[in-house]
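Reader: I have a model open and want to learn how to read it. Where do we start?

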Amino acid sequence: MIQYVMAGLAYGSLYALLGLGLLLTLRTTNVLNFAQGELSTLLAFVCFTIAVTLGQGIGWAFIGSLIVAVIVGLTLYNVIIFPIRRRDQERLATVAISLKLAITGLIALYWGPESRIFPALFDIERIEIFGTIIVADQVWMILAGLIGMVLVGVFLRFTSLGLAMRVAAENPDLAQLLGVNLRVVGSAAWVAAALLGSVTGVLLASTLFLSPFMMGLVVLKAFTALVIGGMVSPFGVVIGGLLLGLLESFVAYTLTPLLQDSVGLLIIILVLMFRPRGLFAGQETWRA
Amino acid sequence: MRSLLSRAKIPLLTILAMAVAILAASETNSYYLYVINLCMINAIAAVGLVILTGVAGQISLATAALLAIGSYSTAILMVHLGLGFLPAAVLGAFATTAIGTILAGPALRLTGLHVAIVTLAFGIIVVQLIGKGGTFTGGMSGMTLPPVTILGWALDSEWRRFIVILIPFALVTAGSIRFLRLKPGRALRALRERELAARTLGVNASAYKILAFAYASFLGGVSGALYASLKGYISVDDFTLWNSIYFFVMIALGGMTSIVGGIAGAFVVTAAPEFLRGFQEASQAVFGVLLFLIVVFFPGGIVTPFAGLSRLLSTRKKRAAAPGANENPPGSPSR
Amino acid sequence: MTQPILHFDQISVRFGGVVALDGVGFDIARGDTFGIIGPNGAGKTTLFNCISGFIKPEAGGRIDFNGKNLIGRSVHEVAKLGISRSFQNIALMHDLTGRQNILTGLHLRLAYHPLASILPLRRVADAEAQAARQIEKICDLLKISGAVLDTRVDALPLGQQKKIEVARAVVRAPELLLLDEPAGGLNDRETADLIGSLESLRASSELTIVVIDHDMNLVMDLCDQLAVLDFGKLIAIGAAAEVQDDPAVIAVYLGEQDAA
């Protein structure tokens, strides 16, 4: 039973982190980034290459992937999104969709479509806490989730860049009048999304396996988290992700593992039909 | 009909030329004919998506699910109830219309991105449910259809299937072009561009959104039924999110609002992977990157330049022939 | 006494703390050209939006059109009853021609079901042909030239755009036309042209016109009756000439000039 809760929290953390990435790019640059999963996958592959093909340790590889994440985030935003930022939401989402296709194709082309084994992050496989055996990977996910959420929260609340992002999310034109540099703010959002993607990608790959298509369903759950947060509230997204993870575990535990993946999708439909503003309307910490 | 043909001349000729060339090749190899059949089937669904997403502005990532419902309804009716293909297909199309129109409900109250996400979730859940249907739907192993005959005529050759697919394809294309050119198309475009004014002109926004969903769902169902008859065997792997994305890309290639563009896009997206088979891994990447470049740099699509040219040619002729009877001068959104 | 075409009773609208309309009530007689004037922010467009159905006034208010209550009806239902309008900032479709824009105004008159359009039916062709004739007729009446009709509206001068918006609103022969600042942004020549078109319109039909505008020439030329709003309240109503001389009205406008 504890295992189920742990698994739920672990995967929920991943959904929360990815969901935050989606939220940041959506609110700051108006792009619903359908390619967030692919971004994650790409960075996981980069990490893999550094660790295995280039033979560096997993630690260096992870740091390397973070650096690449920054570069990729900057490039994606400045080269592709920024020039077309005036297009409407739907057109931007269309670009994100095609980006999804392009990145997957490129990953499959360069690395091949097979699945691979990703090196473990640390040498510990299982941890024993209070007599129960827990999968170590899940602990890392929960820890990463906590750290990520705190970092993002602190960043948004207490740094001037974070404040600038929140203002830009509310009202880009007003933000410009106030002297906010949209390019900087947008870059920050995409870099953050890439970094979050890198962390989740590496964690997921090390738990399961590495494949160009591994993020397929996971990113949909990030969408669920996003929707639960009303597409506005970071707090809502985080809670949404964790809740989803726990719910999935609950369903797997009580009903059948087969229905696990459908839970998130069902939640999306229900929330959007009955509470499109999310379950946490009023908790909009985006308000500057 | 005459003015319709003159307007869509060049893009239609392009498709026709491609098709004829391939048909000639298919004398020796019915595989190419199969590809054309597949292109037409996808084109039917793409036309529906042009109207729903391109013109009515409702982003739908559920297209593959619509095909799934159409295919599986047809298959289930044939396998479990012993119905013939024609009645099964018609019922299947209506079943798809009914289920697909349910999506209009949330769409009436939600913004564009929300609609995209709802259709995304719906699309996947429907297929997941089908996959868990046990013996009823064949579960994850799929369903095989009994041999398809229409009014006693067995569809046992690719040419026969070609004719059976060509008829709905032609009807759907012609009918949809009219649909967009006349009252409903104008109403949908007015709602998209000037919703408030459109409503004061009597356009019932809710009714038209529902109509758009119903139309696209119906075409998805028809497409699905024909797909089942073409392949003879269907499984949930044929109807994934990626498939929905490919439909989306088909209409994006054609400029989103153009029927003919969407059809051309369907032909390109369907046929290209078949012809790039030799370069399997490279093809997906090249394909993806190319599509991405087109969507970013040519948001008007690559086929609409053709459509614009053909319109230019035909209106010059029309002005010479009948002064004053000018219904769609250059600059109007294409059908 | 014949029934007024529009009857307002206790119309109040609040936006947060701001009172946009406060207990407004008056009648408009059929066939009149009725002007609603007042300083900016007096609630004029809000009143139009209540008629159209975009805004719901507070409980207790009534707007009767030929005796039928409008409040609570959806916007397209109100249109169907025979009410058309134009907008302050022109709401034409930019990349379409004048003719195509006016054609959208005939949506309710095209007597075929949307799905019927997919078939080459006689009734569809007839309806479309009739629509084309109706467009020709209204453009003759309003003096909109063929060249203008076949040009994209965003390439047209503002005066022509305004006329096309009016054409779009009246081509289906509504009973009531609401014009929101039809002369806004127009120079004298364009305004005169517009007044001419509106006078032709009046002369040829039973159309009741309600105009909101700041241009006193247009208002005085066209309007039989006037209502004056200030801060959401009705402060004067009556024949144009009398209202113009009403001290309360003058005070309101002088006050505005002082502030300006």
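Reader: Take A:Glu38. Which residues is A:Glu38 in contact with, leaving aside its neighbours within four places in sequence?

Author: This is a predicted model. Setting those neighbours aside, A:Glu38 touches A:Lys100, A:Ile103, A:Thr104, A:Ile107 and B:Trp242.

Reader: Which helix of chain A holds A:Glu38?

Author: A:Glu38 sits in helix 2 of chain A, residues 36-53.

Reader: Is A:Glu38 buried or exposed?

Author: Read the relative accessibility against the cut-off. Buried means under 20%. A:Glu38 has 5% relative accessibility, so it counts as buried.

Reader: What does the side chain of A:Glu38 make with the side chain of A:Lys100?

Author: The two side chains make a polar contact, at 3.4 Å.

Reader: Now the interfaces. How do I read the size of one?

Author: Interface size is often quoted as the accessible area lost when the parts come together. For chain C and chain B, about 3000 Å² is buried between them. Carbon and sulfur atoms account for 62% of that.

Reader: Which residues of chain C lose the most area to chain B?

Author: They are C:His76, C:Met93 and C:His107. Together these residues make up 20% of what the chain C side buries.

Reader: How many residues does the contact take from each chain?

Author: Chain C gives 36 residues and chain B gives 30 residues.

Reader: How many salt bridges are counted between chain C and chain B?

Author: One. The side chains of B:Arg186 and C:Glu128 form a salt bridge, with N to O at 2.6 Å.

Reader: And how many residue pairs are in polar contact across the interface of chain C and chain B?

Author: Nine residue pairs, with both residues at pLDDT 80 or more.

Reader: Which elements of chain C each supply at least two residues of the side that touches chain B?

Author: There are helix 2 (75-81), strand 8 (83-85), helix 3 (98-104) and helix 4 (122-142) of chain C. Helix 3 of chain C has the largest share, four residues.

Reader: What is the make-up by class of the side of chain C that touches chain B?

Author: That side has 21 nonpolar, nine polar and six charged residues.

Reader: Last, chain B as a whole. What does its secondary structure come to?

Author: Chain B has 16 helices and four strands. Of its 335 residues, 61% are buried. Chain B exposes about 12500 Å², and carbon and sulfur atoms supply 70% of that area.

Reader: How do I read contacts along the sequence of chain B?

Author: Look at the separation. Among contacts in chain B with a separation of 6 or more, 76% join residues 24 or more positions apart.

Definitions and conventions
Residues numbered from 1 in each chain as written. Chains lettered and ligands numbered in written order. Heavy atoms only, no water. Contact = heavy atoms within 4.5 Å. Buried area = accessible area lost by both parts, 1.4 Å probe. Salt bridge = Lys/Arg side-chain N within 4 Å of Asp/Glu carboxyl O. Polar contact = N/O pair within 3.5 Å; in protein donor to acceptor, adjacent residues only side chain to side chain. Nonpolar A, V, L, I, M, F, W, Y, C, P; charged D, E, K, R; others polar. Buried < 20%, exposed > 50% of the residue type's maximum accessible area, 1.4 Å probe, protein only. Areas by Shrake-Rupley, 256 points an atom, 1.4 Å probe, with all protein chains shown as cover.
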